[in-house]
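Reader: I have a new model open and don't know where to start. Could you walk me through it?

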Amino acid sequence: MQGEKTRARHAALMHQMAETLGADLDRAEMRGALPPEAREEMLLACTGCADPTGCAHWLARNAKAETGPDYCRNTDILHRLAAE
């Protein structure tokens with residue numbers, strides 16, 4: 001089981017990645033495009049990332065981007081949500 005500190009760090013990274021790629025997770029959830037369990041799965045995928053520090057550095061260099069880093073486990077769903 002993951003600690004709250006790890007979950008909080010990755011939740012923040014995931015939210016920032018969503019914003020950087022133009023996806024609004026809260027809005028997607030409210031309109032039914034992102035079920036709550038899918039959002040939880042995204043967070044679990046993010047906590048499995050081997051390079052959260054690299055992700056934070058990437059996010060610091062990219063305020064807006066069309067494509068996420070190759071190692072991001074949520075890039076596909078974030079692109080889909082941004083396009084909707």
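**Helix α4 and its neighbours**

Author: Start with helix α4, residues 52–61, where Pro-52, Gly-54, Cys-55, Trp-58 and Leu-59 are buried. Buried means under 20% relative accessible area, exposed over 50% and partly exposed in between, with a 1.4 Å probe and protein chains only. Helices are DSSP runs (H or I, at least four residues), as are strands (E, at least two), numbered from the N terminus.

Reader: Why are those buried residues on the same side of α4?

Author: Because they cover an arc of only 150° around the axis. The arc is taken from the directions from the helix axis to the C-beta atoms.

Reader: And which exposed residues does the face turned away carry?

Author: Ala-60 and Arg-61.

Reader: Before we go on, what sort of model is this?

Author: This is a predicted model, in which local features need pLDDT of at least 70 and side-chain atom pairs count only at pLDDT 80 or more, while totals for chains, interfaces and linings use all residues. Residues are numbered from 1 along each chain as its sequence is written, and side-chain values use heavy atoms, leaving out hydrogens and water.

Reader: Back to α4. What covers its buried residues?

Author: The cover includes α1, residues 4–21. The axes of α1 and α4 come within 10 Å and cross at roughly 35°, and the crossing is left-handed. Axes are lines fitted to C-alpha atoms, for helices over the stretch in contact, with angles from 0 to 180 degrees between N-to-C directions. Left-handed means that the near helix is turned anticlockwise from the far one by less than a right angle; clockwise is right-handed.

Reader: Which residues make that contact?

Author: From α1, Arg-9, His-10, Leu-13, Gln-16, Met-17 and Thr-20; from α4, Pro-52, Thr-53, Cys-55, Ala-56, Trp-58 and Leu-59. Contact means heavy atoms within 4.5 Å. By class, the contact of α1 with α4 has 7 nonpolar, 4 polar and 1 charged. Ala, Val, Leu, Ile, Met, Phe, Trp, Tyr, Cys and Pro count as nonpolar, Asp, Glu, Lys and Arg as charged, and the others, Gly among them, as polar.

Reader: Trp-58 keeps turning up. What else is it in contact with, leaving aside neighbours within four places in sequence?

Author: Its contacts are Met-17, Thr-20, Ala-65, Thr-67, Gly-68, Pro-69 and Tyr-71. Trp-58 has a relative accessible area of 13%, so it is buried.

Reader: New topic: how do α1 and α3 cross?

Author: The axes of α1 and helix α3 (residues 36–47) cross at roughly 105° and come within 9 Å. These two helices are therefore roughly perpendicular to each other. Angles of 65 to 115 degrees count that way, under 35 as roughly parallel, over 145 as roughly antiparallel, and the rest as oblique. By class, the contact of α1 with α3 has 6 nonpolar, 3 polar and 3 charged residues.

Reader: And α1 with α5?

Author: The axes of α1 and helix α5 (residues 75–83) come within 9 Å at a crossing of roughly 45°, so α1 and α5 are oblique to each other. Their crossing is right-handed. Met-17, Ala-18 and Leu-21 in α1 meet Leu-78, His-79 and Ala-82 in α5. That contact has 5 nonpolar, 1 polar and no charged residues.

Reader: Last one: is Asp-70 buried or exposed?

Author: Asp-70 counts as exposed, because its relative accessibility is 81%. Asp-70 is in the loop between α4 and α5.
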